[in-house]
Amino acid sequence: MKAIFYSALARFLPAIALLLAQPASAADPYPNKVIRMVVPYSAGGTGDNIGRLVANKLSELLGQPIVIDNKPGAGGNIGAEATVRSAADGYTIVMASTSLASNPSLQKKMSFDPLKDLVSISQCCGVPMIIVVHPSLPIRSVSELIAYAKANPGKLNFSSSGIGTSSHLAGELFKVSAGVDMTHVPYKADSQALPDLLAGNINLMFMFQTSALPQIRSGKLRAIAVSTVKRSPLMPDLPTIAEAGVSGYDFNGWFGLFAPAGTPKPVIDTLAAAAVRAVQSPD
């Protein structure tokens, strides 16, 4: 009897092994494999940090690993284009920002149309910008910044993480709103702009609050004002640019998830529901 049993088992083992080795099929519930989250910014920056926080929570909620793929450059366009060119199956998503909306108006030619080639999943957060100056400057308020800039037209420079990025647009909005002339110095990423700012080669920068706080608290940079209409809960004593004298100024950078156009609606709905739960979770 044992011989018959083991003989039958030997015949069925290859078939069982083959079934276990089969990859998940398209008919399996989404998601059934690793998801790639493209982050069109350099590692260590605000977009990267937010992307990783959201990815970790999404992975828990969806039950699948989410890998971060940093593709910085061109104001986020390189990473967004890589997403557009990916399969519309929900296994490639992108953590985009404000620049996704502004780039079509700022660049002469784009290889994709954000409105047609991407579909929104969910907004994840809004992040205030902080005006920070190098401590060597005799500037401690927005009024002093405006007065200094008007007395020295074009001599003050401000850095950004690239043309069309939030740090660039916040600076340009300030120039127009305050009626001052400052020189824009674009970099490819915050990680490249920050060392020159800390060294005093750059005078000031509009930085995302999350990136600016460590430098402010260490005394390496001086905070002047926050860009949003309301003060930041993390820096309640820091005035807004509007209440400091530039009436109507309001700039709030956002980050959100997108997928290639054509991604099935049930997949988008699954991702959206998980994203909402992720960003609303207490931790």
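Helices α2 and α10 are oblique to each other, because angles outside the roughly parallel (under 35 degrees), roughly antiparallel (over 145) and roughly perpendicular (65 to 115) ranges count as oblique. The model is predicted: local features need pLDDT of at least 70 and side-chain atom pairs pLDDT 80 or more, while totals for chains, interfaces and linings use all residues. Residues are numbered from 1 along each chain, and side-chain values use heavy atoms, without hydrogens and water.

The axes of α2 (residues 46-62) and α10 come within 9 Å and cross at roughly 120 degrees. The crossing of α2 past α10 is right-handed. Contact here means heavy atoms within 4.5 Å; the residues that make it are tabulated.

| Helix | Residues in the contact |
|---|---|
| α2 | Val54, Lys57, Leu58, Leu61, Leu62 |
| α10 | Thr270, Leu271, Ala274, Ala275, Arg277, Ala278, Val279 |

By class, this contact has nine nonpolar, one polar and two charged residues.

The largest nonpolar core (buried nonpolar residues joined through side-chain atoms within 4.5 Å; buried is under 20% relative accessible area with a 1.4 Å probe) has 53 residues. Met37, Leu58, Met95, Phe174, Leu204, Phe206 and Leu257 have the most contacts inside this core. Helix α10 (residues 265-280) gives the most to the core, with seven residues. Apart from this core lies another, of 17 residues, including Ile130, Leu194, Leu221 and Leu238.

Leaving aside neighbours within four places in sequence, Leu204 is in contact with residues including Ile131, Leu145, Phe158 and Met182.

Thr83 is in helix α3 (residues 77-84) and is buried, with a relative accessible area of 0%. Not counting residues up to four places away in sequence, Thr83 touches Val38, Thr92, Ile93, Val94, Leu118 and Pro260.

Key. Buried means under 20% relative accessible area, exposed over 50%, partly exposed in between (1.4 Å probe, protein chains only). Helices (H or I, at least four residues) and strands (E, at least two) are DSSP runs, numbered from the N terminus. Axes are lines fitted to C-alpha atoms, for helices over the stretch in contact, and angles run from 0 to 180 degrees between N-to-C directions. A crossing is left-handed if the near helix is turned anticlockwise from the far one by less than a right angle, and right-handed if clockwise. Ala, Val, Leu, Ile, Met, Phe, Trp, Tyr, Cys and Pro count as nonpolar, Asp, Glu, Lys and Arg as charged, and the others, Gly among them, as polar.
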